[in-house]
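The following exercises concern a single protein chain. Please work through each task before reading its solution.

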Amino acid sequence: DFVGGVIFFCYNDYRTHIGDKGIGTLKQRVHGVVDLYGNRKPSFDALRQESSPIERMEAEMDAGRLRLQIVSRRILPAYRLKGYRLRWIVFGYEDLPMEQNFMDCPALQPGSQITLDLAFKERNPRKIQIDLLRPTGYSVATSTWISQ
């Protein structure tokens, strides 16, 4: 309750004269989750998951409808989710994207959960990827349902 906020200091690698990799003017600090050119490192996904206001997002198929359960975090980072949207892409034959759908997500308080049914038209979905999007369009959580 006493923590007001946190930041992740080193998003990307950067060049510096006191770097621990490289030589001369090419010395670098390599502590970021992306390299000097913006390419994601394996730690990027770990930071994304730890920075997400979503604790869990799980999808399951139920009578031809996709049921999605979203649980928001109770602890840092925990805040009210307002203006978020869901996007789901349905993949069919040969894993080709067949349709894309959007839905406004009801506001969620920290530590709350919601279950939503997501409709689609594809008769034989092979995979459905669901993203929870910030009002800015950035995905804060992803869940993927795959046909058995």
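Two strands pair if DSSP finds at least two bridges between them; strands (E, at least two residues) and helices (H or I, at least four) are DSSP runs numbered from the N terminus. The model is predicted: local features need pLDDT of at least 70, side-chain atom pairs count only at pLDDT 80 or more, and totals for chains, interfaces and linings use all residues. Residues are numbered from 1 along each chain as its sequence is written, and side-chain values use heavy atoms, with hydrogens and water left out.

**Exercise 1.** State which residue in E7 is the bridge partner of leucine 68, and place E7 in its sheet.

*Solution.* Step 1: the protein chain has 1 helix and 9 strands. Step 2: three of its strands form an open sheet, ordered E3-E4-E7 with antiparallel pairing. E3 and E7 are the edge strands, each pairing on one side only. Step 3: E4 and E7 run antiparallel and are joined by 6 bridges. Step 4: the partner of leucine 68 in E7 is leucine 116.

**Exercise 2.** Identify the residues with the most contacts inside the largest nonpolar core.

*Solution.* Step 1: such a core is a set of buried (under 20% relative accessible area, 1.4 Å probe, protein chains only) Ala, Val, Leu, Ile, Met, Phe, Trp, Tyr and Cys residues joined through side-chain atoms within 4.5 Å. Step 2: the largest has 23 residues, and Ile70, Leu86, Ile130 and Leu132 have the most contacts inside it. Step 3: elements giving two or more residues include strand E4 (65-72) and strand E7 (113-118). Step 4: beyond four places in sequence, the contacts (heavy atoms within 4.5 Å) of isoleucine 70 include Leu86, Cys105 and Leu116.

Definitions and conventions:
Buried means under 20% relative accessible area, exposed over 50%, partly exposed in between (1.4 Å probe, protein chains only).
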